Structure formats: structure tokens, C-alpha cells
Amino acid sequence: FDNGDIKVFDVRNSKIAWETSLSRGVSKLSILSGSADDSEKSVLVAGTANGKLFQWPLSSPDKMASHQMDKATVWEVQPVSENKKNLVLAALGSGALHVLNLDGEKIETVATHQVSEPPLTGLSANKEKPGLIVTSSFDKTIRVLYYTGLK
């Protein structure tokens, strides 16, 4: 991870399915599942130590998209809700919370909120109540946030 390498293993066949290397260290990896009837929309999301977010569709990993948020580490990436798989939240080392739209071949910032001065280290989004979010940070504070308009 610290050198930027990502390897996806095919456990059934005991081999590497695909691999890539990013320019900076990888700080977060998440698989965001597609809907139950459309598993083709599952994506691998990677956050880096320099504030960049990458996404690859698991069905075709050659179609990568990336987005530079800021220069701080991406500590956490979570979907906003079960119904909106393309909207994700990212907690950054700058204390900022980003709402991003993962729209196929591009990633764009929908909203940014400076939540705290110290880095945000944890993030949890309620799957049943879109917009209800809990964050933690290095100042030993847990914040409960509610974003409207994320349905």
C-alpha cells in the first residue's frame, strides 16, 4: 500500500486478476456494491495519501476514473445510502467531508464541508436514513451530521 500498488486476487483460481500502481500511497480501499439485480455496477474505490480518489468498475478494471479533492489523506469512503450507490462520502485528513458523485467514467464533488480542524479519522453513514452521518477526529470528538437533499 505505501508504494501505491493495488492487486486484486482471484481466490478461486489462486492468481492475480489485475493489478495497478498509483503515484502515492494507498490509504483506503473499498468495494462499493452495485444493486442486487445489477452486480456489474460494483466498483473498487481507492483513496490516497495525497487526497486523490480513484475508481475502477470490477467488471472492466481498465476504465479508471480519478478526482483530486485536496492534498490531505483520504481516510474513509462510504456510500451515502443503499438507494444511492453512486453518491459517496469521503473523510479527509484536512478535516473536510466531501460528497462525491461516482458517475461511471468520472468523479465529481457535489459538496464539501469543513467539519473540524484536526483530521477526520472515521466515518459512518446510516444506510436507511440518507444524510445521517457520524464522524470521528483526532480531537477526540464524535460529530453527528445530517445533510439534506441526498435522497
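Which residues is Met 69 in contact with, leaving aside its neighbours within four places in sequence? In this predicted model, the list consists of Gly 51, Leu 53, Val 74, Ala 90, Leu 92, His 98 and Leu 100. Met 69 also belongs to the largest nonpolar core, which holds 15 residues. Within that core, Met 69 is one of the residues that touch the most other members. Val 45, Leu 53, Val 77, Leu 100 and Leu 102 share this distinction. Leu 53 and Leu 100 are also among the contacts of Met 69.

Several strands supply this core. Those that give two or more residues are S4, S7 (74-79), S8 (87-92) and S9 (96-103). The top contributor is S8, with three residues. A further core lies apart from this one and has 13 residues. Its members include Val 80, Leu 97, Leu 145 and Tyr 147. In soluble globular proteins, nonpolar side chains tend to be buried together.

The strands S7, S8 and S9 also take part in a sheet. Together with S10, they form an open sheet of four strands. The order is S7-S8-S9-S10, and the pairing is antiparallel. S7 and S10 (106-114) stand at the edges. Each has a single partner strand, so one side of each lacks a neighbour in the sheet. On average, neighbouring strands here are turned by 25 degrees against each other, direction ignored. Five bridges join S7 and S8 in the antiparallel sense. Across this pairing, Pro 79 stands opposite Val 88 in S8.

A second open sheet also has four strands. Here the order is S3-S4-S5-S6, again with antiparallel pairing. The edges are taken by S3 (26-32) and S6 (65-68). Because each of these has a single partner strand, one side of each is left without a neighbour in the sheet. The twist from one strand to the next averages 15 degrees. S3 pairs with S4 (residues 43-48) over six bridges, in the antiparallel sense. Ser 30 stands opposite Val 45 in S4. Val 45 thus links two parts of this account, as it is also one of the core residues that touch the most other members.

Charged side chains were examined next. The count of salt bridges comes to four. One of them joins Lys 7 and Glu 19, whose closest N and O atoms are 3.6 Å apart. Lys 7 lies in S1 (residues 5-10) and Glu 19 in S2 (residues 15-21), so the pair ties together parts that are 12 residues apart in sequence. Lys 7 has 43% relative accessibility and therefore counts as partly exposed. Glu 19, at 48%, is also partly exposed.

Another salt bridge connects the side chains of Lys 106 and Glu 108, at 3.9 Å from N to O. Lys 106 is partly exposed, with a relative accessibility of 43%. Glu 108 is partly exposed as well, at 36%. Both positions fall within the span of S10 (106-114).

A salt bridge is also formed by Asp 139 and Arg 143. Their closest N and O atoms are 3.1 Å apart. Asp 139 has a relative accessibility of 32%, so Asp 139 counts as partly exposed. Arg 143, in contrast, has a relative accessible area of 19%. Buried means under 20%, so Arg 143 falls in the buried class.

Conventions. Residues are numbered from 1 along each chain as its sequence is written. This is a predicted model: local features need pLDDT of at least 70, side-chain atom pairs count only at pLDDT 80 or more; totals for chains, interfaces and linings use all residues. Side-chain values use heavy atoms; hydrogens and water are left out. Two strands pair if DSSP finds at least two bridges between them. Axes are lines fitted to C-alpha atoms, for helices over the stretch in contact, and angles run from 0 to 180 degrees between N-to-C directions. A nonpolar core is a set of buried Ala, Val, Leu, Ile, Met, Phe, Trp, Tyr and Cys residues joined through side-chain atoms within 4.5 Å. Buried means under 20% relative accessible area, exposed over 50%, partly exposed in between (1.4 Å probe, protein chains only). Contact means heavy atoms within 4.5 Å.
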